[in-house]
Amino acid sequence: MSDRLILHVAVPAPLFGTFDYLPPREVDPALLQPGVRLLVPFGRGKRCGVLLQADTRTELADARLKRAGPPLDDAPLLQTGDLELLRWAARYYQHPLGEVIAGALPVRLRKGKPPVHDRPEGYRLTEEGRNALAAANPRAPRQQAVLQALAPCPDGLGRTQIYAAVGECAAILRTLAGKGWIVPCHPSPAAPADPGGDAPPPLYPEQQAAVDRVLAVGPAYGAFLLDGVTGSGKTEVYLTLARRMLEQGRQVLVLVPEIGLTPQLMRRFLRRLGGQVALLHSGLNEGQRERAWMAARNGEARVVLGTRSAVFTPLPELGLIIVDEEHDLSFKQQEGFRYSARDLAVMRARLSECPVLLGSATPSLESLHNVDAGRYHRLHLARRAGAAGMPRLQLVDLRAAPLRGGLAPPLIRKVEETLEAGEQVMLFLNRRGYAPVVICHACGWTSRCPRCDANMTLHLGSQLLWCHHCGHQRRLPPACPECGGADLRPLGQGTERLEGLLGDLFPRAPIARIDRDTTRRKGALGQLLDGVRNQRYRLLLGTQMLAKGHHFPNVTLVGILDVDQGLFSADYRAAERMAQLITQVAGRAGRAQKAGQVLIQTHHPEHPLLQTLIHEGYHAFAEQALGERRETRLPPYSHQALLRAEAVQPELAERFLEAASAAARPLVPAQTVEILGPVPAPMARRAGHHRAHLLLQATERASLHALLTPWIQCLAGLDAARRVRWSIDVDPQEMY
Ligand code: ADP
Ligand code: ZN
Ligand code: ZN
């Protein structure tokens, strides 16, 4: 072998391993640094890969070595530390490295385009604008809000940041610019935070202790669970820590479940930390995403606030990672590269030698277990900040109760009293649409989805039957497709139907319905939430979207219409989810000076889970649930990987899984990994495919992973793999 240079490149392709190339001709080898992009020949075309390493080793014969194109970047887009995290993630979750790396890049960069260099367009306040703000015109509240948002930022704010602060307002920006109150500018992402903006409240002792504890690890790894009831001031802890990190010249990464659902949190960060915050979430267009990403990578943005995929944002001076609502399921990607952003955040902190803070009012059983095992330090905020007390929880027995609109008499009375008192009510039903199924009263036909083992939900407003699992839609037939009978009846109820029923029951209370159907239009959610805050709506009705982080001071009654689904599910995690949901929804009640009350409707008031939760709280429940998991050796007391397969013919999926199971056995030393199945998936048919899975479970994570790497690589070579779609899910959160 000569000592010529060989480039090891990660190429986006569903293949494991990296690909070797000769360096481009006439290129300064100093430019060939890990983390730069290169166009490389691949198959019959070219692909944009990322250079991982350059050395002299290769197993390829000379004739098979092709030459890479010149580097597309003068300096690496990704630093060594970023690549290390991505490699770790690819290995841990058994996903092709080239796809993992490509997925971490903004779309245009992934395709080999040059990075954008212009800064985000934005606006700043003029002198006249300042005067107009001081003059305060109450008849133009949204104009005032825009001026207010700009006031603390002399260098201006980007359009997305303005939208984040006051909602979509393109027309208002045009009006204000027309008046000369604001002018377009290139806001600096590194603009100083507003010193006089929102004055932070002095921290109470437990909050201060939490802050001190995290700062005390210094620039070193440490994992913390900030375990604090809703309204206990966790966000204040985040903000204080972020501010301290900025003062020390470090960057901060904040991960949140779904930004669109938590505009209040976003606003607080922007108000407190000003133009230093870059947002990264799915609501941005590709250009905006890329600018935020580049600003983070260039060190201009000092705080990145983003959803799941933001965990991969390059941050050269990372000093702290915060994961808010760490228990939330949306941190786990459920398709393709199935990673957990929460778990990767912890690994990233370890690799970057910085602290990571996981916050929740309802910590996941995994995290509580990590505290018990000494891997995380628990920081506890036991009471609500300020004057608010904890809400009272109470069960309402649905058995034999005369229901009106799905509400039992005690709940109806409470709603009336609360509305009388001028306070707001929140009702929670985790089912959107009008009714979950339509049935023919003459022949019993039901609205099954032709492609899934599921019913199609009736959406009356749009006259549709709609499968929530595969998206299949058809118009609501005027008569039964089986017998032609005209008596088609909706069974059960969703939020759409409940909205109508509540309108009849409480005719004087304007209703805000918040679910995916009413918030699909851009800006719709913001308008509904504004209307709730300014008391235009008295009754709030919603799905689990309502459980997330909103702060409605005047809501003093929460009703949970139906908790029974979660009590009797085949999924062993359902109880944990239900307890988290109840506790989170309850946390929306009575957050200001007024005490809150929560009524939970159930047919099983004696159920031990509900009893523990109501009388002893979430942590008592969690302890009990962890005890059960330990006895049954379920996660977190064991580790799982799920091999899923689907095919048009049912026997193909089974056959592949049988072959996979046979291939695994010789790789498992002395029963360290249990291989369970194959069994049909809980929804055995979905979108026309038959689905089954094989579950691997081990007491030691290391034994599971020792098996996974050689096993997954041999699966692709199995004959039976050719006619199925298969995927591996490490640490699965859902069995679907
Ligand atoms: P969490 O994130 O735990 O739900 P927040 O940080 O949103 O809690 O705090 C809840 C409310 O209490 C907010 O209105 C916040 O401004 C207020 N708050 C938080 N910490 C303090 C404090 N130390 N003193 C006074 N008010 C506080
Ligand atoms: Zn019929
Ligand atoms: Zn379907």
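Of the 121 residues that make up the largest nonpolar core, Phe312, Leu696 and Trp711 are those that touch the most other members. The structure described here is a predicted model, and every value below was computed from it. Helix α21, which spans residues 650–664, supplies the largest share of this core with seven residues. Apart from this core there is a second, separate one of 33 residues, which includes Val211, Met245, Met266 and Val303. As a general background, nonpolar side chains tend to be buried together in soluble globular proteins.

Leucine 696 can be followed further through its neighbours. Not counting residues up to four places away in sequence, leucine 696 touches His639, Gln640, Ala641, Val673, Glu674, Ile675, Leu704, Leu707, Leu708 and Trp711.

Histidine 693 lies in strand β29, which covers residues 689–698. With a relative accessible area of 8%, histidine 693 is buried. When its neighbours within four places in sequence are left aside, histidine 693 is in contact with ten residues named here in order: Leu642, Leu643, Arg644, Leu657, Gly677, Pro678, Val679, Ala681, Pro682 and Met735.

**Zinc sites**

The zinc ion (ligand 3) has as its protein donors the SG atoms of Cys449, Cys452, Cys467 and Cys470, which lie 2.2 to 2.4 Å from the ion. Along the sequence these donor residues follow the spacing C-x2-C-x14-C-x2-C. Within this set, cysteine 452 and cysteine 470 link distant parts of the chain, 18 residues apart, with cysteine 452 in the loop between β18 (437–440) and β19 (457–459) and cysteine 470 in the loop between β20 (464–466) and β21 (473–475). The arrangement around the zinc ion (ligand 3) is tetrahedral because its four donor atoms subtend angles of 105 to 116 degrees. For reference, the ideal angle for four tetrahedral donors at a metal is 109.5 degrees. Cysteine 452 is buried, at a relative accessible area of 2%.

The zinc ion (ligand 2) is held by the SG atoms of Cys440, Cys443, Cys480 and Cys483 as its protein donors, lying 2.2 to 2.4 Å away. The site of the zinc ion (ligand 2) is tetrahedral, with angles of 105 to 114 degrees among the four donor atoms, and its donor residues are spaced C-x2-C-x36-C-x2-C in sequence. Cysteine 480 is buried, with a relative accessible area of 4%, whereas cysteine 483 counts as partly exposed at 41% relative accessibility.

**Aromatic rings and charges**

The structure holds nine aromatic pairs, and two of them are set out in the table below.

| Pair | Arrangement | Centre to centre | Angle between the planes |
|---|---|---|---|
| Tryptophan 88 and tyrosine 92 | stacked | 4.8 Å | 10 degrees |
| Phenylalanine 337 and tyrosine 339 | tilted | 4.8 Å | 40 degrees |

Tryptophan 88 and tyrosine 92 both belong to helix α1 (residues 80–92), where they stand four residues apart, about one turn of the helix. Tryptophan 88 is partly exposed, with a relative accessible area of 23%, while tyrosine 92 is buried, with a relative accessible area of 10%. Phenylalanine 337 is likewise buried at a relative accessible area of 10%, and tyrosine 339 counts as buried at 3% relative accessibility. Ring pairs join Trp88, Tyr92, Tyr93, Phe312, Phe337 and Tyr339 into a cluster.

Aromatic rings also meet charged side chains. The charged end of arginine 383 sits over the ring of tyrosine 204, at 4.5 Å from its centre, and arginine 432 lies over the face of tryptophan 466, at 5.3 Å from the ring centre.

**Backbone features**

The peptide bond from proline 635 to proline 636 is cis, with omega near 10 degrees, and proline 636 is found in the loop between α20 (618–632) and β27 (639–647). The peptide bond from glycine 677 to proline 678 is also cis, with omega near 5 degrees, but proline 678 is found in strand β28 (residues 673–686).

Glutamate 325, a residue other than glycine, has a positive phi near 55 degrees. Glutamate 325 is found in the loop between β13 (318–324) and α12 (341–352), and at 13% relative accessibility it counts as buried. Alanine 687 has a positive phi of about 50 degrees although it is not a glycine. Alanine 687 is found in the loop between β28 and β29, and at 26% relative accessibility it counts as partly exposed.

Terms used
Residues numbered from 1 in each chain as written. Chains lettered and ligands numbered in written order. Predicted model: local features only at pLDDT ≥ 70, side-chain atom pairs only at ≥ 80, totals over all residues. Heavy atoms only, no water. Donors = N, O, S within 2.8 Å, 3.2 Å for Na, K, Ca; no water. Tetrahedral: all angles 85-135°; square planar, octahedral: opposite > 155°, others 65-115°. Helix = DSSP H or I, 4+ residues; strand = E, 2+ residues; numbered from the N terminus. Buried < 20%, exposed > 50% of the residue type's maximum accessible area, 1.4 Å probe, protein only. Phe/Tyr/Trp six-rings, centres within 6.5 Å; stacked < 30°, edge-to-face > 60°. Lys NZ or Arg CZ within 6 Å of the ring centre and 35° of its normal. Core = buried A, V, L, I, M, F, W, Y, C linked by side-chain atoms within 4.5 Å. Contact = heavy atoms within 4.5 Å.
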